[in-house]
Amino acid sequence: MAIPWLTLLKTVPWTDVIANAPTVANGAKKLWNTVSGKPPRVEIPATDGSNTPPDEALKIMQGELRSLRITAAELHQQMLTSSELIRELADQNAALIKRVEAFRVRLRWLSIAVALLAVPVLAGLGMGLLG
């Protein structure tokens, strides 16, 4: 069971993986810093609104609306960063799958070639043992 894993690991295009690793790592760091670095903005109005004059209540609502717009813009930027990272990972995954498929086809052809070459060898061994 260890041989297929070693074969698979040998067939991975490590130069491509290593070349793209810094880009993916930087994208992951940016995403992590964006998501984890900032605490969520929560503005709690000082009053419950029942005794608040209309002008003050309007100012509170405008502040909340501004805060929500900023939060929405930040979430949109995080979504774009996440999407870019996911796209890069998907591209790398597609390249790896393409290489694994090519090696699978090669392995099938090599197995057929070995089987075809084994027939005369076994026939020769059989003739040598009988003769």
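Helices, in the sense used here, are DSSP runs of H or I with at least four residues, while strands are runs of E with at least two. The exercises below concern a predicted model.

**Exercise 1. Determine how many helices and strands the protein chain has, and in what order the elements run.**

Step 1. Under the definition above, the protein chain has three helices and zero strands.
Step 2. Read from the N terminus, the order of elements is α-α-α.
Step 3. Two of the elements can be placed by residue number: helix α2 covers residues 14-36, and helix α3 covers residues 54-130.

**Exercise 2. Test whether the end-to-end distance of helix α3 agrees with its number of residues.**

Step 1. Helix α3 contains 77 residues.
Step 2. The expected span is 1.5 Å times one less than the number of residues, which gives 114 Å for α3.
Step 3. In the model, the end C-alpha atoms of α3 are 109 Å apart, in agreement with the expected value.

**Exercise 3. Describe how the protein chain is buried and which separations dominate its contacts.**

Step 1. A residue counts as buried when its relative accessible area is under 20%; of the 131 residues in the protein chain, 11% meet this criterion.
Step 2. In helix α3, the buried residues are G63, S67, Q78, T81, L85, E88 and Q92.
Step 3. Among contacts with a separation of 6 or more, 86% join residues 24 or more positions apart.
Step 4. A pair with a long separation in sequence is T23 and L85: these residues are 62 residues apart along the chain, and their C-alpha atoms are separated by 8.9 Å.
Step 5. T23 belongs to helix α2 and is partly exposed, because its relative accessibility is 42%. L85, by contrast, is one of the buried residues of α3.

**Exercise 4. Identify the salt bridges of the structure and state which residues form a network.**

Step 1. The structure contains three salt bridges.
Step 2. R87 and E84 form one of them, with an N to O distance of 2.6 Å. These two residues are three residues apart in helix α3 and are therefore separated by about one helical turn.
Step 3. D91 and R87 form another, at 2.8 Å from N to O. Here the partners are four residues apart in helix α3, again about one helical turn.
Step 4. R87 takes part in both pairs, and E84, R87 and D91 are linked in a network of salt bridges.
Step 5. E101 and R104 make a salt bridge of 2.5 Å, N to O; both lie in helix α3, three residues apart, or about one turn.
Step 6. The spacing follows a general rule: an α-helix has 3.6 residues a turn, so residues three or four places apart point the same way.
Step 7. Relative accessibility classes every partner as partly exposed: E84 at 36%, R87 at 40%, D91 at 43%, E101 at 37% and R104 at 38%.

**Exercise 5. Characterise the accessible surface of the protein chain and locate a nonpolar patch on it.**

Step 1. The accessible surface amounts to about 11,000 Å², and carbon and sulfur atoms account for 70% of this area.
Step 2. V105, W109, I112 and L116 make a nonpolar surface patch of about 420 Å².
Step 3. V105 is located in helix α3. Patch residues must have over 30% relative accessible area; V105 has a relative accessibility of 36% and so counts as partly exposed.

Terms used:
Residues numbered from 1 in each chain as written. Predicted model: local features only at pLDDT ≥ 70, side-chain atom pairs only at ≥ 80, totals over all residues. Heavy atoms only, no water. Buried < 20%, exposed > 50% of the residue type's maximum accessible area, 1.4 Å probe, protein only. Contact = heavy atoms within 4.5 Å. Areas by Shrake-Rupley, 256 points an atom, 1.4 Å probe, with all protein chains shown as cover. Patch = residues over 30% accessible without salt bridge, like charges linked within 9 Å, V, L, I, M, F, W, Y side chains within 5 Å. Salt bridge = Lys/Arg side-chain N within 4 Å of Asp/Glu carboxyl O.
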